[in-house]
Amino acid sequence: VGCSNDARSSLLTEKEKKKTTPVCRTLVSIMDLSNLDATQVKLLKEECILVDENDRVIGSESKKNCHLNSNIRAGMLHRAFSVFLFNTKGELLLQQRATAKITFPECFTNTCCSHPLYHPSELEEEGNVGVRRAAQRKLNHELGIPNDQVPLDAFEFLTRIHYKAESDEVWGEHEVDYILLIQRDVDITPNPNEVMAHSFVTQQQLRELLGNSEQGSVKITPWFKMICQDLLFKWWDNLSDLTSFVDQTSIHRMT
């Protein structure tokens with residue numbers, strides 16, 4: 001699969017395109033994926049939503065191409081979401097990403113992190129319903145949570161963050177990430193290809209986990225760490241009324 005010239009024309013100057021597009025095509029054509037999990041490799045064919053830095057849709061590209069550091073360095077940026085699911089006791093559901101994951105394997109992170117796809121139902125922006133549908137779909141895929149336990153109108157869209165992070169020398173993330181909070185009691189049947197462990201935690205338990213990550217004994221995804229440092233605990237203290245924290249027009253730059 002080659003890089004989409006149409007999609008990338010808005011991202012790069014003509015000079016930059018001449019310099020970077022051949023590199024992208026070469027990497028994609030020669031990259032050996034045989035050492036990666038077969039199920040995860042199939043998911044690399046999904047079409048993500050390309051956006052500019054103001055979250056305006058400019059095209060689509062494969063999940064594979066969106067997560068290549070070579071393309072990220074050239075400016076490729078895609079839309080994503082992060083779900084923070086709390087139970088009625090006020091505990092946050094964390095997951096540990098499976099060993100099979102291509103980016104940030106075995107890292108602890110928030111409930112669910114993924115991407116809306118480039119098709120009409122998840123491109124719909126009115127009421128952010130496209131991102132909500134994607135969140136519902138992935139909560140079911142990764143954690144087996146039934147759709148009716150996480151209805152679309154139960155998600156609270158708070159704000160967006162823009163961040164960039166390398167997983168290794170080949171793969172990384174560069175996303176405009178929609179932050180969705182939801183408080184529900186749910187049934188969980190994790191998909192072992194996606195999730196190796198999960199747990200509901202208190203604020204104190206999460207602070208201890210973050211402390212352990214600083215000591216190097218556990219790994220935390222970079223976006224989750226950024227959100228914890230700047231935003232999460234203020235939201236957590238106000239789950240009963242998040243109105244004052246809703247900021248749907250801003251994009252917090254954490255790059």
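**Exercise 1. In which loop is N128 found?**

Solution. This is a predicted model.
- Step 1: Find helix 6, residues 120–123. N128 sits in the loop between this helix and helix 7.
- Step 2: Check its cover. The relative accessibility of N128 is 16%, so it counts as buried, the cut-off being under 20%.
- Step 3: Check its backbone. N128 is not a glycine, yet its phi is positive, about 55 degrees.
- Step 4: Set this against the general rule. Most residues other than glycine have a negative phi.

**Exercise 2. Place G127 and decide whether it is buried, partly exposed or exposed.**

Solution.
- Step 1: G127 is in the loop between helix 6 and helix 7.
- Step 2: Its relative accessible area is 45%. Buried needs under 20% and exposed needs over 50%. G127 is therefore partly exposed.
- Step 3: Now look along the chain. F157 is 30 residues away from G127, and their C-alpha atoms are separated by 9.2 Å.

**Exercise 3. Describe F104: its loop, its cover and its phi.**

Solution.
- Step 1: Locate the two flanking strands. They are strand 4 (92–97) and strand 5 (108–109), and F104 lies in the loop between them.
- Step 2: Read the accessibility. At 8%, F104 counts as buried.
- Step 3: Read the backbone angle. Phi of F104 is near 50 degrees, a positive value in a residue other than glycine.

**Exercise 4. Work through I145 and V150 in the loop between helix 7 and strand 7.**

Solution.
- Step 1: Fix the loop. Helix 7 covers 129–143 and strand 7 covers 156–166. I145 is found between them, and V150 is found there too.
- Step 2: Check cover. I145 has a relative accessible area of 0%, so it is buried. V150 has 0% relative accessibility and also counts as buried.
- Step 3: List the contacts of I145, leaving aside neighbours within four places in sequence. They are L85, L139, N140, V150, V186, D187 and I188.
- Step 4: Do this for V150, not counting residues up to four places away. V150 touches L85, Q136, L139, I145, F155, I182 and V186.
- Step 5: Compare the two lists. L85, L139 and V186 appear in both. I145 and V150 also touch each other.
- Step 6: Take the distances to V186. I145 and V186 are 41 residues apart in sequence and 6.5 Å apart in space, C-alpha to C-alpha. V150 and V186 are 36 residues apart along the chain, with C-alpha atoms separated by 7.9 Å.

**Exercise 5. Which residues does Q149 touch, not counting residues up to four places away in sequence?**

Solution.
- Step 1: Q149 is placed in the loop between helix 7 and strand 7.
- Step 2: Its relative accessibility is 16%, so Q149 counts as buried.
- Step 3: Its contacts are R184, D185, V186 and D187.
- Step 4: Take D185 from that list. Q149 and D185 are 36 residues apart in sequence, but 7.7 Å apart in space, C-alpha to C-alpha.

**Exercise 6. Describe how helix 8 and helix 9 pack.**

Solution.
- Step 1: Find them. Helix 8 spans residues 203–215, and helix 9 spans residues 222–236.
- Step 2: Read the geometry. Their axes come within 12 Å and cross at roughly 160 degrees. Angles over 145 count as roughly antiparallel, so helix 8 is roughly antiparallel to helix 9. Their crossing is left-handed.
- Step 3: List the partners. Helix 8 brings Q203, L206, R207, L210 and E214. Helix 9 brings F224, K225, C228, L232, F233 and W236.
- Step 4: Sort them by class. The contact has seven nonpolar, one polar and three charged residues.

**Exercise 7. Summarise the chain as a whole.**

Solution.
- Step 1: Count the elements. The chain has nine helices and 10 strands.
- Step 2: Judge the cover. Of the 255 residues, 52% are buried.
- Step 3: Look at the surface. The accessible surface comes to about 11600 Å², and 47% of this belongs to carbon and sulfur atoms.
- Step 4: Look at the contacts. Take those between residues at least 6 apart in sequence: 71% join residues at least 24 apart.

Definitions and conventions: Residues are numbered from 1 along each chain as its sequence is written. This is a predicted model: local features need pLDDT of at least 70, side-chain atom pairs count only at pLDDT 80 or more; totals for chains, interfaces and linings use all residues. Side-chain values use heavy atoms; hydrogens and water are left out. Helices (H or I, at least four residues) and strands (E, at least two) are DSSP runs, numbered from the N terminus. Buried means under 20% relative accessible area, exposed over 50%, partly exposed in between (1.4 Å probe, protein chains only). Contact means heavy atoms within 4.5 Å. Accessible areas come from the Shrake-Rupley method with a 1.4 Å probe; for residues, only the protein chains shown count as cover. Axes are lines fitted to C-alpha atoms, for helices over the stretch in contact, and angles run from 0 to 180 degrees between N-to-C directions. Angles under 35 degrees count as roughly parallel, over 145 as roughly antiparallel, 65 to 115 as roughly perpendicular and the rest as oblique. A crossing is left-handed if the near helix is turned anticlockwise from the far one by less than a right angle, and right-handed if clockwise. Ala, Val, Leu, Ile, Met, Phe, Trp, Tyr, Cys and Pro count as nonpolar, Asp, Glu, Lys and Arg as charged, and the others, Gly among them, as polar.
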